[in-house]
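Me: I am new to this structure. Please take one part of it and go through it closely.

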Amino acid sequence: MATAAVVAAAMPTTQATAQPSTADALAKYNELSEKASQLNQDHLKAQGDLAAKQGELDKAKADLANAQKAEESLRGQVDLLTEATYGGARFNQISALLVSDSQQDFLNRMSAINILAADNAEALQKLTDAVNTADAATKTANEATEASKKLLAEIEKKKADLQKQLDEARAQYNSLSAATKTALKNTGDMSSILVPPGTAGKALDFALQQRGKPYVYGSNGPNTWDCSSLIQAAYRYAGVSIGRTSYAQAAAGRSVSRSEVKAGDIIVYYSSQSHVAMAVDNVRAVHASTEGVPVKIADINSIGPISVIRRIEG
């Protein structure tokens with residue numbers, strides 16, 4: 001979100017009497033933007049949950065189709081054996097003894113009967129298993145379908161909530177003074193920064209290259225970003241796959257303390273874990289802040305209250 005450093009920079013210095021109202025307006029904008037950021041992450045998470053549930057549904061449908069095919073095939077085999085039995089074929093020792101011409105003939109017939117009986121038992125068991133598998137797959141598919149419907153409804157609600165929050169934040173932004181808006185739009189430090197070797201350095205280099213690009217809620221780049229899409233894309237560029245949301249990124253890699261922070265670490269902010277940045281060093285971080293503020297470098301501690309810090313490499 002817009003940082004305390006940005007708040008300070010946006011304050012006009014020529015008219016002391018205007019400062020309280022400007023500060024209040026900017027603080028309100030930051031508050032509304034933070035809420036919008038959380039709703040954005042909630043919306044993104046719900047979309048990810050739906051995609052995962054759709055994958056479960058597709059698998060369940062495939063399992064059901066395979067089980068039904070196996071059931072159909074095995075049922076035909078069982079039906080043939082059943083028809084043979086009812087048609088007069090007696091698969092037992094007495095019938096074998098009565099029709100045998102010799103001891104060897106009896107043994108041969110017994111062997112054939114045992115094979116048929118085993119085949120029949122195996123076919124019946126396989127059919128039972130196939131029916132049970134089909135029933136289980138049907139249940140799973142039905143459950144996945146219902147879950148998908150609920151997630152779709154949840155997504156629509158979160159989308160509506162997000163839009164309402166965005167409208168409030170944008171209205172508040174429009175009420176800010178021209179000087180404050182100009183300060184918010186400042187791209188900050190655009191100088192060349194040396195990054196360390198390795199995965200973290202490569203991810204950081206990507207993130208630094210995005211400085212000056214606009215923030216857009218839900219954007220996935222390459223010309224606009226939200227906070228978590230920037231971090232995900234940076235590590236994807238470095239060859240590492242991490243989650244799309246700040247919530248998922250708060251669990252990536254391993255935890256490190258504030259004093260241990262180094263280039264490439266992921267810093268997640270607020271108790272809601274709704275905002276994320278990438279450490280440039282132990283003092284600064286680069287992040288996609290909020291609408292009206294470009295991707296820029298800020299003081300780590302000024303961005304917001306830190307929730308967790310995660311290290312992807314090392």
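Reply: Two strands pair if DSSP finds at least two bridges between them. Helices (H or I, at least four residues) and strands (E, at least two) are DSSP runs, numbered from the N terminus. This is a predicted model, in which local features need pLDDT of at least 70, side-chain atom pairs count only at pLDDT 80 or more, and totals for chains, interfaces and linings use all residues. Residues are numbered from 1 along each chain as its sequence is written, and side-chain values use heavy atoms, with hydrogens and water left out.

The part chosen is an open sheet of 6 strands, in the order S1-S6-S2-S3-S4-S5, with antiparallel pairing. Its edge strands, S1 and S5 (296–299), each pair on one side only. Within the sheet, S2 and S3 (residues 275–279) run antiparallel and are joined by 4 bridges. Tyr269 has His275 in S3 as its bridge partner.

Helix H7 (residues 227–237) lies across S2, S3 and S4 (284–287), at about 40° to S3. Such angles run from 0 to 180 degrees between N-to-C directions, with axes fitted to C-alpha atoms, for helices over the stretch in contact; contact means heavy atoms within 4.5 Å.

Asp265 sits in the loop between S1 (254–255) and S2 (266–269). Asp265 is buried because its relative accessibility is 2%, and buried means under 20% relative accessible area (exposed is over 50%, partly exposed in between; 1.4 Å probe, protein chains only). Beyond four places away in sequence, Asp265 touches residues including Ala277, Met278 and Ala279.
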